[in-house]
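Visitor: Please take one part of this model and look at it closely. Start from a single pairing of residues and work outward until its surroundings are clear.

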Amino acid sequence: MVRAALAQRKVNQGPVSGAQYWPAISVMLASLFVVLPIVSMNGWFPNFGFLVLLAWRLLRADAFPTWWAAPLGLFNDLALGSPIGLSVAVWTAAMLVLDIADRRTQWRGYWLEWIIAAVLLLGQEAAEWRVAQIMGASLPFRSVVPPLLISVLSFPVAAWVVARIDWWRLGR
Amino acid sequence: MATARPGWSRKAQYGLFFSFLAAIAGLLIGLVLLAVSFVAPKSYAAVRGAALDATAPVTGGLREVTATVSGLFSGAGDYWDAAHQNAQLKRERELMIQRIVEAKAISQENRELKAALQLRERSRTPVASGRIVGSSFSSPRRFAIFSAGSSDGVRVGMPLRSPSGLIGRVMDAGSLASRVLLVSDRASIVPARILRTGQPVISQGRGDGTVDLRPLEVGRNPFRPGDIVITSGTGGLYPPLIPIARVVRLDDDGAIARPLADPGSTSFAVVEQPYEPAAVAEEASARPEDE
């Protein structure tokens, strides 16, 4: 076994300044993907902010306090132009669900995390669908399937990006 | 797991507990905000407009870059096979000139007939022009961001059109940009008629870039593939005679059509006055749940 001090090539390197805020900042940056000049006809892009939020929370329980999901959700609502309060409620509820899941699950693996993320993404799409229905745009429920599949399949990408940001912010 | 019990520190335990309480409070606040969005959507008009003003200029700037890059490619493509295109365009031009002469004669006749009937001609001056710079891309609703706002005279409820057809109408107006409900949104219902027969129909979005067409009178399916549908002006929100969509497929009692104005490739769009301004005010007060 090689000693850590010998194996580590970079010495005197710690977390970057403001390391504790980078998870929240990265969620806000993901919400701001909406400023990209994409004019989509079907709206099947994933909700990037929610994907990154889930990826952070599944990577670390202490990435940000649970209640930070509420202001981050408000920012997401304002950026996306969705009904104000939708992301606030859904994101905070997802954080609470994950707190409960942390207590209930005995072990974690990639597959289990992906399944948990898929269930929460389904909940988010369903809430969005129901809110659209209340606001006068009642679509058949099968219309949430394509965006849900795309979101679930892009979750590992978000998880990888978040792991890289975590690596960087902690100065590894 | 890490959150179950953060060791023996009383302070850490309290911190975790208060964070949990704050999260519950956040959830409740979110639900209240959402409920307000349902019953009184106008109460967020200012903050939504401000958010729109903050993000839309960035989108607009990026849009210029992508438009320039794609323009370079399509511009280079135009040089390919230029001689053949030139001949074809000349033929089309000859045909067009004939049509224009016919149309001029018809419009003159129309003016004389209207004068004979003493119909009041409504002036249709555009309020503002701009471009579609972005859209909602992660929700079942279909909104687009338009690069003119209330400082240009844009107000909520005004219709938006491009040279090729109707795009939608303004839902939120910031001072620099506005959010437009597209024709293909599920909540967007446009009174229309078939150009070929004049039969009244209703156009409703399907949320995936196409629209549903339903005839107002039950009976035989009046649509044919390729039919053009135009606004009828009924209801007073949309001016009449704006092309909406072309039928692509028939279903049992109606048809599915594709809007003629593609927001993705529209370079310029024009906001017009509501056809009957009173109708907009009436709708705003009568349908408070409409966002």
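Guide: In E13(B), Gly130(B) has Ala269(B) as its bridge partner. The model is predicted, so what follows describes computed geometry. The pairing belongs to a longer run: strand E1 (126–130) and strand E13 (residues 269–272) of chain B pair antiparallel over four bridges.

These two strands sit in an open sheet of seven strands in chain B, ordered E1-E13-E4-E5-E6-E3-E2 and paired in the antiparallel sense. Its edges are E1(B) and strand E2 (132–135) of chain B, each of which pairs on one side only. From one strand to the next, the twist averages 35 degrees.

Chain B also holds a second sheet. Six of its strands make a closed barrel that runs E7-E8-E9-E12-E11-E10, again with antiparallel pairing. Neighbouring strands of the barrel are turned against each other by 40 degrees on average, with direction ignored.

Strand E9 (residues 211–215) shows the pairing in detail. On one side, strand E8 (residues 200–205) of chain B is joined to E9(B) by five bridges, and the two run antiparallel. Gln204(B) lies opposite Asp212(B) in this pairing. E8(B) and E9(B) form a hairpin with five residues between them, and Gly207(B), in the turn, has a positive phi of about 80 degrees. E9(B) is also joined to strand E12 (residues 255–259) of chain B, by three bridges and again antiparallel. Asp212(B) appears here too, with Ile256(B) as its bridge partner in E12(B). Leu213(B) stands opposite Ala255(B) in E12(B).

Where does chain B meet chain A? The contact draws 48 residues from chain A and 53 residues from chain B. On the chain A side, helix H4 (69–80), helix H5 (86–104) and helix H6 (110–134) each supply at least two residues. H5(A) gives the most, with 10 residues. The chain A side divides into 30 nonpolar, 13 polar and five charged residues.

The partner chain has another make-up. Chain A contains seven helices and zero strands, and along the sequence its pattern reads α-α-α-α-α-α-α. Its C-alpha trace spans about 65 × 40 × 25 Å along the principal axes. Of the 172 residues in chain A, 44% are buried. Among contacts in chain A with a separation of 6 or more, 69% link residues 24 or more positions apart.

One helix pair across the contact can be followed residue by residue. The axes of H4(A) and helix H1 (residues 10–39) of chain B come within 9 Å and cross at roughly 30 degrees. Angles under 35 degrees count as roughly parallel, and H4(A) and H1(B) are therefore roughly parallel to each other. Ala69(A), Ala70(A) and Gly73(A) in H4(A) meet Ala23(B), Gly26(B), Ile29(B) and Gly30(B) in H1(B). By class, the residues of this contact divide into four nonpolar, three polar and no charged. Residues three or four places apart on an α-helix point the same way, because the helix has 3.6 residues a turn.

H4(A) has the expected length: its 12 residues should span 16 Å at 1.5 Å a residue, and its end C-alpha atoms are 16 Å apart, which agrees. The helix is mostly covered, with 10 of its 12 residues buried. The buried residues include Ala69(A), Ala70(A) and Gly73(A), the three that meet H1(B). Others among them are Leu72(A), Leu74(A), Asn76(A) and Asp77(A). After H4(A) comes Gly81(A), with a positive phi near 75 degrees.

H5(A) passes the length check as well. Its 19 residues should span 27 Å at 1.5 Å a residue, and the end C-alpha atoms are 27 Å apart, which agrees. The buried residues of H5(A) include Leu86(A), Val88(A), Trp91(A), Met95(A) and Asp99(A). These buried positions pack against helix H3 (48–59), H4 and H6 of chain A together with H1 of chain B. H1(B) is thus a partner of the buried residues of H5(A) and also meets H4(A).

Methods:
Residues are numbered from 1 along each chain as its sequence is written. Chains are lettered from A and ligands numbered from 1 in the order in which they are written. This is a predicted model: local features need pLDDT of at least 70, side-chain atom pairs count only at pLDDT 80 or more; totals for chains, interfaces and linings use all residues. Two residues are in contact if their C-beta atoms, placed from the backbone, lie within 7 Å. Ala, Val, Leu, Ile, Met, Phe, Trp, Tyr, Cys and Pro count as nonpolar, Asp, Glu, Lys and Arg as charged, and the others, Gly among them, as polar. Axes are lines fitted to C-alpha atoms, for helices over the stretch in contact, and angles run from 0 to 180 degrees between N-to-C directions. Angles under 35 degrees count as roughly parallel, over 145 as roughly antiparallel, 65 to 115 as roughly perpendicular and the rest as oblique. Two strands pair if DSSP finds at least two bridges between them. The expected span of a helix is 1.5 Å times one less than its number of residues. A residue is buried if 20 or more other C-beta atoms lie within 10 Å of its own, exposed if 12 or fewer, and partly exposed in between; C-beta atoms are placed from the backbone.
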